[in-house]
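This report describes a protein with a bound ligand. The sequence and the structure come first, and the description follows.

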Amino acid sequence: MKDNFGREINYLRISVTDRCNLRCRYCMPADGFANIIPREEILSFEEIERLAQAAAKIGISKIRLTGGEPLVRHGIVELASKISSIEGINEVVITTNGLLLEDMAEDLKKAGVSRVNISIDTMDPEKYSHITRGGKLEKVMRGIEAAERAGLTPIKLNVVALGGFNDDEFGDFIELTREKPYIVRFIELMPIGHADVGDSYGFISNQEILERFPELVPVDNEKYSVSDDFMLPGGKGKVGFISALSNHFCATCNKIRLTSDGKIKPCLHSNEEIDMKGPLALSDDELLRALTLSINHKAEHHLLNEGAAPIERDMNKIGG
Ligand code: SAM
């Protein structure tokens, strides 16, 4: 369906859990697990499936499963399979830190997942352990290879640009696309929740990265893409830039989010949430009405650069 500003909303991001097997410093506060959402408040798979069915009826055709870390939720393969068989849903993708992909990639592919986005902010094992508070980089690397073997492609690698942390590795990430058909995407650091965002890491705009690598040539963006895409001449992959802050893409935003505790967030950068648990207890018609209403609440554009109130939820409780 179209929202109040004529945008076709056809993409739903579902956070299946706020739990994660990493604790990235810029994503959640050090005590992030002290205020984890109580299990009884998390949507059941039946509730998620019913919401996805309702969403498909109002024109959602693409679903991303995210979190927290979606692969830590028990039964995620079965959920992916159920969602990908819903009439009208023609694309199911996952955003993951890749730690569990080595064992799950093939099953996810069989369940109907078409591809994965894998978050990897550094290719240095020690730095990886630092930024994730203990993660093992070699497991992610094996996860990326497994995803490639399983055909969860094209693989997108999400790299949050963290000034003073990984700005010396941007060239290495870009070089990766010369030989590998990966799509490396630089994401601007966003001031969300209570994580360590502004104090330890400098904000680097995508424009600054682009200026450092003039050899990158622009290519056509995918339809509805949030990233501006480039490539190295003769390279096998691509390099994308997601500039949520410096050059927001609200005018072409086609998505809404469902949090693991059942709230629709029409915009990542707004504190507005619409509860779906109440409507889930009602008829299908009421549920459709609530979903439609939530889409009509989508603001024309976010106000992060214009002094909007800080985003209260931590990123692991929203779903990136
Ligand atoms: N656990 C999964 C993962 O690591 O990809 C999915 C959830 S994670 C919240 C989704 C994405 O959000 C990751 O690529 C992560 O790097 C990004 N992210 C988290 N906090 C962010 C922030 N403050 N600014 C920009 N990106 C952020």
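Helices of at least four residues and strands of at least two are DSSP runs, numbered from the N terminus. With that numbering, strand 3 (91-96) and strand 5 (156-161) each supply at least two residues of the shell around the ligand. The model is a predicted one.

**The ligand and its shell**

The ligand is surrounded by 17 residues, and Y26, G68, E69, S119 and M190 are the closest of these. By residue type, the shell divides into six nonpolar, nine polar and two charged residues.

Y26 places a polar side-chain atom 2.9 Å from an oxygen atom of the ligand. T96 has a polar backbone atom 3.4 Å from an oxygen atom of the ligand. On M190, a backbone N or O atom lies 2.9 Å from a nitrogen atom of the ligand. Taken on its own, the ligand has 550 Å² of accessible area, and the protein covers 95% of that area.

**Helix 6**

Helix 6 spans residues 170-179, and its buried residues are F170, F173, I174 and T177. These four lie on the same side of helix 6, because the arc they cover around the axis is only 100°. The cover over the buried residues of helix 6 includes strand 5, strand 6 (183-188), helix 7 (206-212) and strand 9 (238-242).

**Two buried residues with polar side-chain contacts**

E169 sits in the loop between strand 5 and helix 6. Is E169 buried or exposed? Residues under 20% relative accessible area count as buried. E169 has a relative accessible area of 7%, so E169 is buried. A polar atom of the E169 side chain lies 2.8 Å from the backbone nitrogen of M123. M123 is also among the contacts of E169 when neighbours within four places in sequence are left aside; the others are T122, D124 and K127.

N206 belongs to helix 7, an element that is part of the cover over the buried residues of helix 6. The relative accessible area of N206 is 2%, so N206 is buried as well. The side chain of N206 makes a polar contact of 2.9 Å with the side chain of S243. Leaving aside neighbours within four places in sequence, N206 is in contact with S243, F186, E188, F241 and I242.

**Loop residues with more accessible area**

K223, A30, E215 and R133 are loop residues, and the table gives the place and the accessibility of each.

| Residue | Loop between | Relative accessible area | Class |
|---|---|---|---|
| K223 | strand 7 (217-218) and strand 8 (228-231) | 70% | exposed |
| A30 | strand 1 (11-15) and helix 1 (45-57) | 63% | exposed |
| E215 | helix 7 and strand 7 | 38% | partly exposed |
| R133 | helix 4 (125-131) and helix 5 | 26% | partly exposed |

Exposed means over 50% relative accessible area, and values between 20% and 50% count as partly exposed. K223 therefore counts as exposed at 70%, whereas E215 at 38% counts as partly exposed.

Separation in sequence can be set beside separation in space for some of these residues. A30 and H194 are 164 residues apart in sequence, and their C-alpha atoms are 9.3 Å apart. For K223 and G75, the separation is 148 residues in sequence and 32 Å from C-alpha to C-alpha. E215 and F230 are 15 residues apart in sequence and 9.6 Å apart in space, again C-alpha to C-alpha. Not counting residues up to four places away in sequence, E215 touches M231, L232 and P233.

**Backbone geometry**

Two backbone features in loops remain. The peptide bond that runs from T153 to P154 is cis, and its omega is near 0°. P154 is placed in the loop between helix 5 (137-150) and strand 5. Strand 5 also supplies at least two residues of the shell around the ligand.

Which residue other than glycine has a positive phi near 55°? R133 does. R133 lies in the loop between helix 4 and helix 5, and with a relative accessible area of 26% R133 is partly exposed.

Note on methods. Residues numbered from 1 in each chain as written. Predicted model: local features only at pLDDT ≥ 70, side-chain atom pairs only at ≥ 80, totals over all residues. Heavy atoms only, no water. Near = heavy atom within 4 Å. Polar contact = N/O pair within 3.5 Å; in protein donor to acceptor, adjacent residues only side chain to side chain. Areas by Shrake-Rupley, 256 points an atom, 1.4 Å probe, with all protein chains shown as cover. Nonpolar A, V, L, I, M, F, W, Y, C, P; charged D, E, K, R; others polar. Buried < 20%, exposed > 50% of the residue type's maximum accessible area, 1.4 Å probe, protein only. Arc of directions from axis to C-beta. Contact = heavy atoms within 4.5 Å.
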